[in-house]
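Welcome, and thanks for taking a look at this protein with us. Please take a moment to turn the model around before reading on.

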Amino acid sequence: MTMSLPRQAAPPHQPPAPRRVETRRQRNRRRTITLIIIGLLIGVPAGYLLWCAHQSRSSGRDKAAKWAATGLTPTYPAKVQRRLYEVPVPHPADRLASYETNNWRTSRLYVQFRTTQAGLDTFLDAMGVKRGDLKKGAVTIGERDRQVSGWNFRGAGPWWGLSHSQKNPAPSQDVVVNLANPVLPMVYVVSRTVP
């Protein structure tokens with residue numbers, strides 16, 4: 001036995017609502033708004049893509065120039081370089097220049113800067129050495145590193161230096177300080193690490 005469901009009544013027949021006629025002004029306004037929306041939907045992403053392409057291209061040129069360098073360039077070493085090579089450049093520092101070399105055996109970071117007496121103490125403390133570790137007349141940066149960096153330690157002195165050796169994988173640093181101007185010492189650092 002099947003049960004039958006009650007039938008719903010059919011809706012009363014209603015005549016369709018009269019269609020609103022669009023005036024010319026309304027039509028032109030609607031089309032203008034539609035064109036603006038389409039323009040924004042296409043123009044904003046296209047503009048963003050062009051801007052990104054320009055940024056990427058500029059970044060590539062900057063990196064190419066950086067890696068094409070064959071000696072010290074007047075640039076601040078990157079934060080990751082300073083952390084990896086343990087070369088904490090103090091603040092304030094000027095006459096700053098750096099250069100990095102890499103090969104399958106050893107990676108080196110060459111950094112030079114001029115700082116204050118307090119900046120020199122801060123730099124040495126951050127490396128884990130003291131000013132008393134500096135030896136007068138000691139030019140600890142070797143001939144090979146001097147040729148690569150273009151440094152010449154024959155000018156006015158006095159010259160002070162130290163070698164800070166650490167067990168691998170920690171980097172080892174050679175530091176030379178020129179105290180010709182005792183208020184603003186010039187610091188030269190070569191930090192080596194074995195990958």
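A salt bridge here is a side-chain nitrogen of Lys or Arg within 4 Å of a carboxyl oxygen of Asp or Glu. With that in mind, arginine 114 and aspartate 94 form one through their side chains, at 2.6 Å from N to O. This pair joins distant parts of the chain, since arginine 114 sits in strand 2 (residues 107-115) and aspartate 94 in strand 1 (residues 93-102), 20 residues apart. Keep in mind as you read that this is a predicted model.

**The overall picture**

The protein chain contains four helices and six strands. Read from the N terminus, their order is α-α-β-β-α-β-α-β-β-β. How does the radius of gyration of the protein chain compare with that of a compact globule of 195 residues? The chain has 35 Å, whereas such a globule would have a value near 16 Å. Along the principal axes, the C-alpha atoms of the protein chain fill a box of roughly 110 × 60 × 35 Å.

Of the 195 residues in the protein chain, 30% are buried. About 14,000 Å² of the protein chain is exposed, and carbon and sulfur atoms supply 59% of that area. Contacts can also be sorted by separation in sequence: among those between residues at least 6 apart, 51% join residues at least 24 apart.

**Charges and their partners**

The protein chain carries 29 positive and 11 negative side chains. The centres of these two sets lie 19 Å apart. Side chains of opposite charge can pair when their charged atoms come close. How many salt bridges does the structure hold? There are eight salt bridges in the structure, and the table shows three pairs by name.

| Positive partner | Negative partner | N to O distance |
|---|---|---|
| Arginine 30 | Glutamate 22 | 3.0 Å |
| Arginine 114 | Aspartate 94 | 2.6 Å |
| Arginine 192 | Aspartate 174 | 2.8 Å |

The pair of arginine 192 and aspartate 174, at 2.8 Å from N to O, also links distant parts of the chain: arginine 192 belongs to strand 6 (residues 186-193) and aspartate 174 to strand 5 (residues 172-178), 18 residues apart. Besides these pairs, Arg108, Arg144 and Asp145 are linked in a network of salt bridges.

**Buried or exposed?**

The partners can be looked at by how much of their surface is accessible. Is arginine 114 buried or exposed? Arginine 114 counts as buried because its relative accessibility is 18%, and the cut-off for buried is under 20%. Its partner aspartate 94 is partly exposed, with a relative accessible area of 32%.

In the pair from strands 5 and 6, aspartate 174 is the buried residue, at 7% relative accessibility. Arginine 192 has a relative accessible area of 22%, so it is partly exposed. For the pair of arginine 30 and glutamate 22, arginine 30 is partly exposed at 42%, and glutamate 22 is partly exposed at 38%.

**One more residue to find**

Finally, look for asparagine 102, which is found in strand 1. Asparagine 102 is partly exposed, with a relative accessible area of 46%. Where does asparagine 181 lie relative to asparagine 102? The two are 79 residues apart along the chain, and their C-alpha atoms are separated by 33 Å.

Notes:
Residues numbered from 1 in each chain as written. Predicted model: local features only at pLDDT ≥ 70, side-chain atom pairs only at ≥ 80, totals over all residues. Heavy atoms only, no water. Helix = DSSP H or I, 4+ residues; strand = E, 2+ residues; numbered from the N terminus. Rg over C-alpha atoms; globule rule 2.2 N^0.38 Å. Buried < 20%, exposed > 50% of the residue type's maximum accessible area, 1.4 Å probe, protein only. Contact = heavy atoms within 4.5 Å. Areas by Shrake-Rupley, 256 points an atom, 1.4 Å probe, with all protein chains shown as cover. Lys, Arg positive; Asp, Glu negative; His and termini not counted. Charge placed at Lys NZ, Arg CZ, Asp CG, Glu CD.
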